[in-house]
Amino acid sequence: MAEFGDLAGGLERLACLVGLGEPMDEVLGRVAQYALVAIRDCDAVSIATVVDGRPVLVAATDPRARAADIAQWELAEGPALSTISLRRITASGALSRDLDW
(Lines give C-alpha, C1' and ligand atoms only; values in the text may rest on other atoms or scores of the structure.)
Protein backbone atom coordinates (compact mmCIF):
# COMPACT_ATOMS: atom_id res chain seq x y z
CA MET A 1 0.00 0.00 0.00
CA ALA A 2 1.26 3.46 -0.82
CA GLU A 3 2.40 5.68 2.02
CA PHE A 4 0.86 9.10 2.52
CA GLY A 5 3.06 12.19 2.63
CA ASP A 6 1.45 15.61 3.20
CA LEU A 7 -2.10 14.28 3.49
CA ALA A 8 -3.20 16.84 6.07
CA GLY A 9 -2.05 19.73 3.89
CA GLY A 10 -3.80 18.28 0.87
CA LEU A 11 -7.04 17.81 2.79
CA GLU A 12 -6.87 21.38 4.03
CA ARG A 13 -6.46 22.67 0.46
CA LEU A 14 -9.32 20.43 -0.67
CA ALA A 15 -11.62 21.85 2.00
CA CYS A 16 -10.86 25.33 0.70
CA LEU A 17 -11.71 24.31 -2.87
CA VAL A 18 -15.04 22.80 -1.91
CA GLY A 19 -15.86 25.94 0.07
CA LEU A 20 -15.22 28.10 -3.01
CA GLY A 21 -18.00 26.40 -4.95
CA GLU A 22 -15.81 25.27 -7.86
CA PRO A 23 -17.40 22.83 -10.34
CA MET A 24 -17.05 19.24 -9.09
CA ASP A 25 -15.00 18.06 -12.09
CA GLU A 26 -12.43 20.79 -11.36
CA VAL A 27 -12.38 19.90 -7.66
CA LEU A 28 -11.85 16.22 -8.44
CA GLY A 29 -9.10 17.06 -10.92
CA ARG A 30 -7.33 18.93 -8.14
CA VAL A 31 -7.97 16.08 -5.70
CA ALA A 32 -6.20 13.76 -8.13
CA GLN A 33 -3.27 16.18 -8.41
CA TYR A 34 -3.04 16.53 -4.61
CA ALA A 35 -3.14 12.74 -4.21
CA LEU A 36 -0.34 12.39 -6.76
CA VAL A 37 1.84 14.64 -4.60
CA ALA A 38 0.68 13.35 -1.21
CA ILE A 39 1.09 9.62 -1.87
CA ARG A 40 4.75 8.64 -1.80
CA ASP A 41 6.01 6.86 -4.94
CA CYS A 42 2.74 7.48 -6.78
CA ASP A 43 3.06 7.73 -10.57
CA ALA A 44 -0.55 8.43 -11.56
CA VAL A 45 -4.00 8.89 -10.04
CA SER A 46 -7.47 8.46 -11.44
CA ILE A 47 -10.87 9.14 -9.93
CA ALA A 48 -14.02 7.45 -11.15
CA THR A 49 -17.62 7.52 -10.07
CA VAL A 50 -20.58 5.32 -10.89
CA VAL A 51 -23.42 6.64 -13.03
CA ASP A 52 -26.37 4.39 -13.81
CA GLY A 53 -24.38 1.39 -12.58
CA ARG A 54 -21.40 2.05 -14.88
CA PRO A 55 -18.00 3.51 -13.99
CA VAL A 56 -17.24 6.96 -15.36
CA LEU A 57 -13.76 8.45 -15.25
CA VAL A 58 -13.91 11.99 -13.87
CA ALA A 59 -10.22 12.82 -13.38
CA ALA A 60 -6.82 11.41 -14.28
CA THR A 61 -3.35 12.84 -13.78
CA ASP A 62 -1.82 10.96 -16.68
CA PRO A 63 -2.98 9.35 -19.95
CA ARG A 64 -1.67 6.02 -18.64
CA ALA A 65 -4.05 6.17 -15.68
CA ARG A 66 -6.94 6.93 -18.03
CA ALA A 67 -5.97 4.04 -20.32
CA ALA A 68 -5.58 1.66 -17.37
CA ASP A 69 -9.07 2.45 -16.09
CA ILE A 70 -10.64 2.03 -19.51
CA ALA A 71 -8.84 -1.30 -19.97
CA GLN A 72 -10.15 -2.49 -16.60
CA TRP A 73 -13.70 -1.64 -17.56
CA GLU A 74 -13.34 -3.43 -20.90
CA LEU A 75 -11.86 -6.53 -19.18
CA ALA A 76 -14.33 -6.32 -16.27
CA GLU A 77 -11.54 -6.69 -13.69
CA GLY A 78 -8.91 -4.65 -11.91
CA PRO A 79 -8.30 -2.45 -8.88
CA ALA A 80 -10.68 0.32 -9.99
CA LEU A 81 -13.56 -2.13 -10.30
CA SER A 82 -12.62 -3.72 -6.97
CA THR A 83 -12.79 -0.29 -5.37
CA ILE A 84 -16.27 0.23 -6.78
CA SER A 85 -17.61 -3.20 -5.85
CA LEU A 86 -16.00 -3.34 -2.38
CA ARG A 87 -16.71 0.34 -1.66
CA ARG A 88 -13.23 0.90 -0.26
CA ILE A 89 -10.04 2.44 -1.55
CA THR A 90 -7.61 0.09 -3.22
CA ALA A 91 -4.09 0.74 -4.37
CA SER A 92 -1.79 -1.25 -6.54
CA GLY A 93 1.93 -1.09 -6.96
CA ALA A 94 3.34 -1.66 -10.40
CA LEU A 95 0.44 -3.28 -12.23
CA SER A 96 2.85 -5.29 -14.35
CA ARG A 97 4.09 -7.04 -11.19
CA ASP A 98 0.80 -7.15 -9.24
CA LEU A 99 -0.32 -10.77 -9.33
CA ASP A 100 -3.93 -9.82 -8.56
CA TRP A 101 -4.21 -7.94 -11.84
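Modeller: Two strands count as paired if DSSP finds at least two bridges between them. Helices (H or I, at least four residues) and strands (E, at least two) are DSSP runs, numbered from the N terminus. This is a predicted model, in which local features need pLDDT of at least 70. Residues are numbered from 1 along each chain as its sequence is written.

Biologist: Which pattern does the protein chain follow along the sequence?

Modeller: The protein chain holds four helices and two strands. Read along the sequence, their pattern is α-α-β-β-α-α.

Biologist: In the hairpin of E1 and E2, which residue takes a positive phi?

Modeller: Strand E1 (residues 46-51) and strand E2 (residues 54-60) pair in the antiparallel sense over six bridges. Within this pairing, Thr 49 has Val 56 of E2 as its bridge partner. The hairpin has two residues between the strands, and a positive phi near 55° is taken by Asp 52.

Biologist: Why do the buried residues of H4 lie on the same side of the helix?

Modeller: Buried means under 20% relative accessible area (1.4 Å probe, protein chains only), with exposed over 50% and partly exposed in between. In helix H4 (residues 79-86), the buried residues are Pro 79, Ala 80 and Ser 82. They lie on the same side of H4 because they cover an arc, taken from the directions from the helix axis to the C-beta atoms, of only 165°.

Biologist: Against which helix do the buried residues of H4 pack?

Modeller: Contact means heavy atoms within 4.5 Å. By this criterion, the buried residues of H4 pack against helix H3 (63-75).

Notes: Predicted model: local features only at pLDDT ≥ 70, side-chain atom pairs only at ≥ 80, totals over all residues. Heavy atoms only, no water.
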